[in-house]
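This report examines a protein model by way of its strands, its nonpolar cores and its cysteines. Please keep the sequence and the three-dimensional view at hand while reading.

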Amino acid sequence: MKSTQNKKINQVKETTMVVGIDVGSVKHYFRAFNWRGIELTKKPIPFSNSMEGFTAFSAEVVRLMEQNGLEEAMVGFEPTGHYWFNLGQFLSGKNIKFVMVNPLHVNKTKELDDNSPSKNDCKDPRVIANLVREGRYFFTYMPTGVFAELRNASNRRFVLTEELIRTKNRLQKWIAVYFPEYKGIYTHIDAKGGMLVLKTAPTPEEIIKLGVDGVIQIWKEAKLRGNGHKKAMLIVNAASQSIGLTEGLEEARMEIQDLIEDYELQMKRLEKVNSLIENLCKQIKYVDKLLEIKGIGIITVAGFIAEVGDITRFDNAKELQKLAGLELVADSSGKHNGKTRISKRGRKRLRYLLVQAAVSVIGKNDEFRQIHEYYTTRKNNPLKKMQSLIAVACKLIRVFYVILTKGRSYDASKMLGDISGKRNHRQGRRGESGYLGG
């Protein structure tokens, strides 16, 4: 996957036509240039975001190549939200090489031609094409098969989780206003016994009318265990002594019931997505070996693979580290030595998953806990806790890469063996066959 600047520049030959596209939601604009930057189109050419528009664009590209004696086309565009997905799929089906340019690079270089910060459909395709000619692009990846299914399922899970959190927060707010004593009865706002009662009787007044027997009856009908007479007494007594607001109850009752229904619906959807994710993961080679690592669960593995896709397209684990925005960035010039930090340029969700996974393994996995202690307590250059967390996340990347590409089983002794080697003045530096990788 790794491609140097020179290799990228060499992709644009004398027989190559470079096409820059400004992607839009309804209409796209393109301009074509030869390898020297001389424009082959008289003006930006629009085409619609439809099969008819894509077909017309493809035909025009072929015509321009034949007219100018060129043999191949390289198409470049910005990854503008989701609007490029359909175009990218069409180009892949036509075997037309297409690449992406960083939107940040477009903004930085758009003033070179006219010394103006303006942005329009006429200017952007030229800027994009020039970046492609200079080799300032990257190859995009569109997952297929099980990897495409897993990415969609993982994205869906993120959305449902966020919606669930919002619903819980709103529910917590209303309960704090109208029945604040509820928090003293149940530790979690979404406790099943409490939710069943609130769904039937959302306000303290209605809970008092239900009485202890009414509350117990609700639990019996739901066949809920672990909530008996004592708990019912606590709820009714708390309701009778509640300091919650007693005005505006009609609308509050409706909203609390709606929020509980939303929560239950979102939980059902989340369970279905989790089941789908688990089934999809079983189709991917060596996933079972990842699950052997204590502290790593199916959701973490699924999220990692969903963001990375087919891991065999990467040459080494460092490329994955860069994809996650976890590569180190130095800030130094002359005598100035600034702080080293992570770039945070890459897949935000992948970075989030890895950091959360690092927290999990440090808490549940003995060897990772020892690694974390080593990083934070070593004599030379001890790391702060957050720095160590990032280091452990990077280590997980290397472990995942070795297991998924080479099919090796997780070996805790290698992890601890690498630490012992470092403690003994680095007797030898292991490569990627060891998990620390130096």
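The account below begins with one strand and then turns to the cores and the cysteines. The model is predicted.

**Strand β1 and its partners**

Strand β1 covers residues 16–22, and seven of its seven residues are buried, so the rest of the structure largely encloses this strand. In a regular strand, side chains point alternately to the two faces of the sheet. On one side of β1 lie Thr16, Val18, Gly20 and Asp22, and on the other Met17, Val19 and Ile21; all are buried, and both faces are thus covered.

The pairing of β1 with two other strands is summarised here.

| Partner of β1 | Bridges | Direction |
|---|---|---|
| β4 (residues 72–77) | six bridges | parallel |
| β2 (residues 27–33) | five bridges | antiparallel |

Within these pairings, Thr16 stands opposite Glu72 in β4, while Gly20 has Arg31 of β2 as its bridge partner. A hairpin through four residues connects β1 to β2.

**Nonpolar cores**

The largest nonpolar core comprises 89 residues, and Leu150, Trp219 and Ile305 are among those with the most contacts inside it. Helix α16 (residues 385–406) supplies the largest share of this core, with 13 residues. Apart from its neighbours within four places in sequence, Ile305 is in contact with Phe147, Leu150, Ile284, Val287 and Leu404. A second, separate core holds 24 residues, including Phe54, Phe90, Leu91 and Ile96.

**Cysteines**

How many disulfides does the structure hold? The number is zero. Cys281 is buried, with a relative accessible area of 0%. Cys394 also counts as buried, at 7% relative accessibility.

Notes: Residues numbered from 1 in each chain as written. Predicted model: local features only at pLDDT ≥ 70, side-chain atom pairs only at ≥ 80, totals over all residues. Heavy atoms only, no water. Disulfide = S-S within 2.5 Å. Buried < 20%, exposed > 50% of the residue type's maximum accessible area, 1.4 Å probe, protein only. Core = buried A, V, L, I, M, F, W, Y, C linked by side-chain atoms within 4.5 Å. Helix = DSSP H or I, 4+ residues; strand = E, 2+ residues; numbered from the N terminus. Contact = heavy atoms within 4.5 Å. Pairing = 2+ DSSP bridges.
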